[in-house]
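I opened this notebook to keep track of what I looked up in the structure, entry by entry. I begin with a strand pairing and work outwards from there.

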There are 2 protein chains.
Amino acid sequence: MEEKEISQAVIGRLPRYLRYLGELKDEGVERISSQDLSALMKVTASQIRQDFNNFGGFGQQGYGYNVGYLYDAIGKILGLDRQYKFIIIGAGNLGRALGNYINFEKRGFIFRGMFDQNPDLVGNSVRGVRVMPMEELERFISENDIDIAVLTIPKTSAVSVAERLAGTDIRAIWNFAHVDLNLPERIQVENVHLSDSLMKLSYNISRYQQEKE
Amino acid sequence: MEEKEISQAVIGRLPRYLRYLGELKDEGVERISSQDLSALMKVTASQIRQDFNNFGGFGQQGYGYNVGYLYDAIGKILGLDRQYKFIIIGAGNLGRALGNYINFEKRGFIFRGMFDQNPDLVGNSVRGVRVMPMEELERFISENDIDIAVLTIPKTSAVSVAERLAGTDIRAIWNFAHVDLNLPERIQVENVHLSDSLMKLSYNISRYQQEKE
């Protein structure tokens, strides 16, 4: 372990830095001051400096950040300097939407397989990837060195599928099922609970209304 | 303004409390101690007490929380004691997945309309809701008192659609386009940037691997 422990809050902000730096790079910008980056991203310059200090700074005081260097460095911290092979379990609308999202490929996430328990969906394909029956799950993961399983199935089946995944060498689960999964520590889990996000929105709507009243 | 300012971190945790309390309620559990809730949710009892203290406590010391009361109280804080009408802009796979998700309805989010700029998709319907052309957007929002617009369109069109929405009485945008939107303060925005979530996962994969090496 070389790096010190970095809070998930800081990690959570890195993809947004990466997105803005990628756009600056595309526009041909080579250097940017923390003040200009601050104005662009609408976060304080001190927040930016604090966040970057977690990784040794990246910048020369008064001279600004090198956009390309910073972009590569943050990408590396986020583990984007390598490729990950993923499968999608659940071939419904959400699974198909994620399978069709080619931007993931640009970031090094390679779509390799799709599974569904519904025999009517087996044999369909999404971007050239065939939907396979659930019986083939473990064998496919093992033979193809799959890193990530994306769960786009109802919460009722997610728990038992997660148990099956715990018996494989999968390294991470991107979980869209609306349930918290219990998995061994070696399997990283990132939950996307869409209803939770929608409730944050309704909180902010009703809070704003109360403030006006 | 009756309530004190509550951090977005606390608000972000409330939907998860609500989910667990809803499950307890469904199982017929009437009271639960902060210790038992802590074990169930895998957060510390002190975190739970701190979070609930933001809203005046909810519990009687040593007697546990009343599950039904707590469920309703948190639901009310989250603004779930009323209904919100939403439209989805973008009738691709992700838009259709969200339109088909009937759990939103159970929480009071009512799916009222769908829009797309692609004439081939106009006239299709998702759960009985017809896809309309973008020309009808402003009129439909106004005539139907729409509260929330869900953006499931590419980032290239999201900025201009958000500008059009800023000219309406819409109260919130649930933004799945991978771009930050600039909107008047009266319009609440909640971003779901899926690639950002996937990058957090790759960070945790590579971090775990580094720790093992």
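Entry 1, a bridge in chain A. I looked up the partner of A:W174 and found that A:W174 stands opposite A:E190, which belongs to strand 9 of chain A. I note at the outset that this is a predicted model. The two strands concerned, strand 8 (residues 172-175) and strand 9 of chain A, run parallel and are joined by four bridges. I then asked which element of chain B packs on this sheet. I found helix 9 (residues 194-212) of chain B there, touching strand 3 (84-89), strand 4, strand 7 (148-151), strand 8 and strand 9 of chain A, with its direction at about 165° to that of strand 9 of chain A.

Entry 2, the whole sheet of chain A. I read the strand order as 5-6-4-3-7-8-9, an open sheet of seven strands whose pairing is mixed. At its edges I found strand 5 (125-126) and strand 9 (188-191) of chain A, each of which pairs on one side only.

Entry 3, the sheet of chain B. Here I also found an open sheet with mixed pairing, in which seven strands follow the order 6-7-5-4-8-9-10. Strand 6 (125-126) and strand 10 (188-191) of chain B are its edge strands, and each has a single partner strand, so one side of each is left without a neighbour in the sheet.

Entry 4, pairings within chain B. I followed strand 7 (residues 129-133) of chain B, which runs parallel to strand 5 (residues 109-116) of chain B and is joined to it by three bridges; in this pair B:D116 stands opposite B:P133. Strand 6 of chain B, by contrast, runs antiparallel to strand 7 of chain B, with two bridges between them, and there B:S125 stands opposite B:R130. In the hairpin that these two strands make, two residues lie between the strands, and I noted that B:R127 takes a positive phi near 45°. Elsewhere in the sheet, strand 8 (residues 148-151) and strand 9 (residues 172-175) of chain B pair in the parallel sense over four bridges, B:L151 having B:N175 as its bridge partner. Helix 8 (residues 155-166) of chain B lies across strand 4 (84-89), strand 8 and strand 9 of chain B, and runs at about 170° to strand 8 of chain B.

Entry 5, how the copies are related. I checked the superposition of chain B on chain A, which takes a rotation of 180° with 0.0 Å of shift along its axis and gives an RMSD of 0.0 Å. The two copies are therefore related as by a two-fold rotation axis. The same surface serves both copies, since 100% of the contact residues of chain B recur in chain A.

Entry 6, the second largest pocket. I looked up its volume, which is about 1000 Å³. Of the 42 lining residues, those closest to the centre are A:I153, A:P154, A:K155, B:Y101 and B:N103. Which element gives the largest share of the lining? I found that helix 1 of chain B does, with six residues. Among the other elements that each supply at least two residues are helix 8 (155-166) and helix 9 (194-212) of chain A and helix 6 (103-106) of chain B. By class, I recorded 19 nonpolar, 14 polar and nine charged residues in the lining.

Terms used
Residues are numbered from 1 along each chain as its sequence is written. Chains are lettered from A and ligands numbered from 1 in the order in which they are written. This is a predicted model: local features need pLDDT of at least 70, side-chain atom pairs count only at pLDDT 80 or more; totals for chains, interfaces and linings use all residues. Side-chain values use heavy atoms; hydrogens and water are left out. On a 1 Å grid over the protein atoms alone, a cavity is a set of points where a 1.4 Å probe fits but cannot get out, and a pocket is an open set with protein on both sides within 12 Å along at least five of seven lines; lining residues have an atom within 4 Å of a point. Grid points are joined across faces, edges and corners, and a volume is the space filled by probe spheres set on the points. Ala, Val, Leu, Ile, Met, Phe, Trp, Tyr, Cys and Pro count as nonpolar, Asp, Glu, Lys and Arg as charged, and the others, Gly among them, as polar. Copies are superposed by least squares on the C-alpha atoms of residues with pLDDT of at least 70 in both. Contact means heavy atoms within 4.5 Å. Two strands pair if DSSP finds at least two bridges between them. Axes are lines fitted to C-alpha atoms, for helices over the stretch in contact, and angles run from 0 to 180 degrees between N-to-C directions.
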